[in-house]
Amino acid sequence: MSLKSRFVGTAKRQVKQTLRPVLQRAMAPARTQIPASYWGLEHVPGQGLSLEGVALKSLVERFGSPLHVVHLAALKRNVERFLAVPQGRSGGCEVFYSYKTNPIPGVLEVLHGMGVGAEIISAYELWLALRLGVAPERIVYNGPVKSEASVREAIGRGIQLLAANHAEELGLFARVAAELNKRPRVAVRVSTDSGWAAQFGTPLAGGAALRAYAQARASSHLDVVGLHAHRGATIRTEGELTGFVEAVLGFTDTLHQELGLDLEVLDLGGSLCTPSVEHIAERDWRLNLTFFRDVPAPDPAASLDISRYVALVVEMVESHYAKKGRARPRIFLEPGRAMTGDTQLLLGSVHTLKAGEDRTWAVLDAGVNHAECVRNEYHQLFHVDRPDAPAERVYTVVGPICTPGDTLYHAKRLPELVEGDTLAIMDAGAYFVPFATSFSYPQPAIIALDGGEARLLRRAETFEDQVALDTVAKSPGKPEAA
Ligand SMILES: Cc1ncc(COP(=O)(O)O)c(C=O)c1O
């Protein structure tokens, strides 16, 4: 390294170190934390954070670390809110949980037991739903990659709704239906201007969606009963919801006028936010990285919640159809993150503390391998052992994987940590488990906390599990290392 670049590097470091405390004070976000009580957590002196009277630390001691904890009371509360009939309405929504979001059979079983169906996007998920005993009329099949075998199975079983992601899929549906002499209930996935497009759905703009419907209607083998729209881009405000639903409702009028088609089912997909989770804005991320400014916490009270979302959807659909003098369709919802996001937490332990020039690295036994979403979303982090101690130290919280990319929190102010402390990453119930990798470390156990009782839903992966599919590398008789 030249003398000049060494000088520039040192100067930059000094500027950052001088500016950090000034900027931290001057630009401190209004909200840097969501209180533990939001999730029903309590601080029991001497025990640290506890849920339903159970100390989180005791769960790690009993089941090992890292550990996923599913809070069943929170899950049931969310289901009830989705299924409730809004005040003054004749009916509510039918709910199909997006399997991809958190495909833990112990969680899915609870949802199904309460009347929630399955929204699936793959042959595996179809298999899983059937394996869990979900009735075919409680299954909606979406997604851009449907194997012919799974389409055959879905049509053969008579599932509730088979949605063509793109017009090209309709040919496959019609051919398989003809072979089986069945008439599947079909929808076409449409994409609006405000949501995901690309490989997902058939655009309303330019007439592609209308042409797909005309094509579907032309087949005597398909019973075109529904419309599917999933915004993709998260819905946090009323405006985001109403803009999306208005675009869909406008298209149902086009279908009525152009094709004489009145839909029985309006499937509005998922996308409702988890109120305590928010994508970290580029600016906030940079300020955190460079000047250790806290990442602002979202205000859950400012987000659309489940009850208001359901009420608005039903109100919009009912009043639209009432105005047009047509029968209101059944409304399907496919929540993922809003259903399970805030019902699960991930416990991890501090393995090592490494002192640096301007911060301390807290190396945990759980990193992006189990919590990929934390890279770019705000997820509240709690010090389980001493939650109320002053958060005065800046830590860079990293995981065990050998890459700088395994950074969960670049600069996080926390109470003083010591090795062996337990941390809780909140809102781990959406896209943590399915995006997890077994990169060097096996997957953690998953437990359910149910009325103060802990119950194992999935045991932790063993080293043997890691090589179970291999034809080589089995070494019977050798004990596993601790
Ligand atoms: C078709 C469909 N429905 C529902 C969902 C659930 O989305 P979210 O978790 O944002 O509610 C997804 C997720 O990608 C999806 O693709």
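How many helices and strands does the secondary structure of the chain come to? You should find 13 helices and 23 strands, taken as DSSP runs (H or I of at least four residues for helices, E of at least two for strands) and numbered from the N terminus.

Before you click around: this is a predicted model, where local features need pLDDT of at least 70, side-chain atom pairs count only at pLDDT 80 or more, and totals for chains, interfaces and linings use all residues. Residues are numbered from 1 along each chain as its sequence is written.

**Whole chain.** Zoom out. The C-alpha trace spans about 70 × 60 × 55 Å along its principal axes. Of the 482 residues, 41% are buried, meaning that 20 or more other C-beta atoms, placed from the backbone, lie within 10 Å of the residue's own.

**Helix α5.** Now select residues 123–131, which form α5. Colour E125, L126 and A129, the buried residues of this helix. Look down the axis of α5: those buried residues line one face, because they fall within an arc of 105°, judged by the directions from the helix axis to the C-beta atoms. In general, an α-helix has 3.6 residues a turn, so residues three or four places apart point the same way.

Next, show what covers them: β6 (117–120), β7 (139–141) and α6 (148–157) are included. Then step to G133, which follows α5 and has a positive phi, near 85°.

**The ligand.** Finally, centre on the ligand and pick S98, G270, E334, G336 and R337, the nearest of the 15 residues around it; a residue qualifies if its C-beta atom, placed from the backbone, lies within 6 Å.

Definitions and conventions:
A residue is buried if 20 or more other C-beta atoms lie within 10 Å of its own, exposed if 12 or fewer, and partly exposed in between; C-beta atoms are placed from the backbone. Two residues are in contact if their C-beta atoms, placed from the backbone, lie within 7 Å.
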